[in-house]
Amino acid sequence: MLPTVIEPLRAEWANAQAAALLLAHEAAGLEAHPPDVKTKKDFAALDRHNAAVRAKWAEARQQVKDFLHRLCTLRVLDPACGSANFLYVTLEHLKRLEGEVLNQLGALGDTQDALDLGRETVTLQQLLGIELNERAAALAELVLWIGFLQWQIRTNGQAGVAEPVVHDYGNIEHRDAVLAYDRQEPMTDASGKVLTRWDGQTFKPHPVTGQPVPDEAAQVLQWRYLNPRQAVWPQADFIVGNPPFIGASTMRAALGDGYVDALRAAWPDVPDSADFVMFWWARAAALVGAGAVQRMGLITTNSLRQTFNRRVVQAALDGSLSVASASSAAALAGAGAGRAGGLMLPNAQKSAPGTPGPGAGVAHLAFAVPDHPWVDSANGAAVRIAMTVLALGAAEGRLYTVQTEAEGDFGEVSVSLAERRGLIHPDLSVGANVAGAGPLRAMAAVSSPGVKLHGSGFIVTRQEAAGLGLGTLPGLERYIREYRNGRDLTATPRDVLVIDLFGLTADEARQRYPAAYQWLLERVKPERDAKGQTKDGAGYAKLWWLHGKPRQEMRRQLAGLPRYIATVETAKHRVFQFLDASVLPDNMLIAIASADAFHLGVLSSAVHVHWALATGGRLGVGNDPRYNKSRCFETFPFPDADTGLTPVLVERIRTLAEQIDAHRKVQLAAHADATLTATYNVLEKLRCGEALSAKEKVVYEHGLVGVLKSLHDELDAAVLQAYGWADLSLPADTDALLLRLVELNTRRAAEEAAGTVRWLRPGFQQAGRGEQVALEADADADADADADADADAPEDGAQTQPAKAALVQRPWPTGVTEQIKTVAEVLAAAGRSLDLDGVAEHFSGRGRWRDRLPTLLDTLVALGRVRLVDGCWVDAGR
């Protein structure tokens, strides 16, 4: 709320106050030098002088009154207001600021009684909210009135409360904030039968297994929403809020198929895989881009940085998220009741962003916290959130990152933050624009997430598998396979198998492997059938004996390989390892179709790990890094001959990678406590120079972590040499590393546009199989990549010399407030001290505008916004 509403208002107030004080100074100076009165004619001159003095004082007071009018007429909207906590805090700060303004008016000689009910004042009519929960909406009205009356009594006593005490302003609307529709009715099929679905919560014991299975009798109606459209918001100057946290994957279960279908139909340009909160973010951002709103600030989950959510952020920053040509900013902001405002997000960003839509303006993130602990008000669960504030225009912002977290006695979390200033990118980072790195053809069609079961009944123990015929029934070993998920690789393996009937029809499975068929019939089919009435569940129910996502493209990628590289998608430590080709990876593993230890070595190096941390997001309460293959892998440029890679270095990296992989597996086989997570926890402590606990010392010995550290150190040095970057020291030079990788990505993209592709697996990718798999994978939402790289990238090796920036003169503003604001901006942008001529050369104008410049600068010094150093002026923040 502070960076969204109060900080920009206080910046405006600082300029208005400075202008008023400057005029007051001029009035006092004029007042101190009246003309001499010696004759009758001199009285006329004195009258003119006194009139000029009064006018100057009146002008000074008017500067403050103008801001007071602005303060008392602006509107703040929370489009998911709940019980109005944000609006309540906003009211408190607005009233405080109002008090400061009134005090300044009094200091300038304004004699109007502070209790004069005819004077403008901040009221509840300025605080607007939308809330779907009827009780919360009613409570919000009550909370705001209590806060307002408490303020009035606290500052002015009982006389500050006018009759009637409470008014029905209607400023809190009880309705949906993102979807409007004429009415809803039960959904029916072609025969007119009302459609229902399993409620998703009620189970019963299976008559044979006794295991809980969905109770098909527990049904809820499915609803159809007629004439769905984007909901209209009331006009506002600022938007703040904390919209509901519902992920894209759980929207249908939480909101129902009918609602989600209507929502997607009304918002066709918001990506289908974007979270629910992004509908609020997109609407608010479009209003900022259209100039209808000054700033918006929303709390979202930290998944805002993930691929599909980030596309909306990117569109807002480059100006391609805008009001549709069929609508206007006024319609979006509520000027026409019942009119639906439209947004333009260019075809879910399948083409490169950068072309502003109708009425769009380039925006910037003025404030961002990419990851912060939070408690979800809906269920009290601990979550990780992001905070973003968007403003119109291109400018730098403030990025705050959490450095430490400490839990208090009552569950509260105390955090310390570090601030960085700069251009904030769509992934909520400052520095190298890794979010702008495009996917490379060289990395296409060789990575995939593992299979997604959609039914725990597919998983069996070795004893259960033997009972189904494994080891006795010929051919079954092809369909009951080794299975690994994330915990199997990072913690203690479960030692389980998975039934995988991919390639078989239901009839073939029943005829050839009846025991396995019956196992799935009892344990998988009931749940699939219960969800069969939903949009997603219908397909899964039809093919109930197969995994929900069997990953055909991954199977083709891995065909013929003796082993492949795997990493856990969300894990504390970014570790890569070889898995045998007989192992089927779970959906939470990323499989990279290469058996070459050179590829394993580059991926395991600090170079790639830092890239993955920067390009990927973070997920879950543990805030663990997430390896998004389209962002972390497909954009990553491998070293090659153009970077200094030699055959000797290839073999060196290959040898070290084999040693690291073998070393970890040998030690884990000998010591169950030497898991990857435990081992790399100790390794990180060694790298940071921290003392080990007694338990960690045992892991150190069992995992021979000192040996592992030496191998990683040598690998990191070899990979840096392969890139020609032996001058870098990691992690100290991470920013420089990321800048170089972004530049290399840009060069590789330009090469590929010209026809040169440095394939990772040339034999597979160039044979046509890779290209076909790439096309199929591109259609899979789980593997969707971001926008293409910039086609105008410079040629390999091309360098440009930065041109000296020419001084752009601004016309001298006419209003005193604008003069104060503009001079302060010049000093802030200069980055150094300027003398009087240095300030003046930034402006052009006619008349004696320079005469006021020294007084104006002195006023800024008096207010602490500028410092005077050796006869020159410098911004106080420098």
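**Close-up views of a predicted model**

**View 1. The largest nonpolar core.** In this predicted model, the largest nonpolar core counts 69 residues, and L71 and V823 are the ones with the most contacts inside it. Helix α1, spanning residues 2-31, puts in eleven residues, the largest share of this core. Zoom in on L71 and you'll find it touching L9, L94, L97, E98, V101, V122 and Q126, leaving aside residues up to four places away in sequence. Apart from this core lies another one, made of 58 residues, including V705, L708, W725 and V742.

**View 2. Helix α22 and its two faces.** Start with the covered side of α22, which runs over residues 694-703: E696, V699 and G703 are buried. Looking down the axis of α22, these buried residues sit within an arc of 55 degrees, so they line one face of the helix. What lies over them? The cover for the buried residues of α22 includes α20 (647-670), α21 (676-688) and α23 (705-723). Now go round to the face turned away from the buried side, where A694, K697 and E701 are exposed. Just past the end of α22 comes L704, and its phi is positive, at about 45 degrees.

**View 3. An antiparallel sheet of four strands.** Here four strands make an open sheet, and reading across gives the order β20-β27-β24-β25, with antiparallel pairing. At the edges are β20 (447-449) and β25 (576-580), each of which pairs on one side only. From one strand to the next, the twist averages 35 degrees.

**View 4. Strands β24 and β25 up close.** Strand β24 (residues 563-568) runs antiparallel to β25, and five bridges join the two. If you want to trace the register, pick out I565, whose bridge partner in β25 is F578. Then find A566, which stands opposite Q577 of β25. In a regular strand, side chains take turns pointing to one face of the sheet and then the other. Is β25 mostly covered or mostly open? Four of the five residues in β25 are buried, so to speak of this strand as mostly covered is fair.

**View 5. A mixed sheet of four strands.** This open sheet also has four strands, in the order β21-β23-β22-β26, but with mixed pairing. Strands β21 (459-460) and β26 (583-585) stand at the edges with a single partner strand each, so one side of each has no neighbour in the sheet. Which strand pairs with β26? It is β22 (residues 480-484), in the parallel sense and over three bridges. One place to look is R484, which has P585 in β26 as its bridge partner.

**View 6. Helices α17 and α18 packed together.** Helix α17 covers residues 597-604 and helix α18 covers residues 606-615; they pack at an angle of about 55 degrees, and their axes are 4 Å apart. That angle makes α17 oblique to α18. And which residues do the meeting? On the α17 side look for V602, L603 and S604, which meet A606, H608 and V609 in α18.

Conventions
Residues numbered from 1 in each chain as written. Predicted model: local features only at pLDDT ≥ 70, side-chain atom pairs only at ≥ 80, totals over all residues. Heavy atoms only, no water. Pairing = 2+ DSSP bridges. Axes fitted to C-alpha atoms, helices over the stretch in contact; angles between N-to-C directions. Buried < 20%, exposed > 50% of the residue type's maximum accessible area, 1.4 Å probe, protein only. Arc of directions from axis to C-beta. Contact = heavy atoms within 4.5 Å. Core = buried A, V, L, I, M, F, W, Y, C linked by side-chain atoms within 4.5 Å. Parallel < 35°, antiparallel > 145°, perpendicular 65-115°, else oblique.
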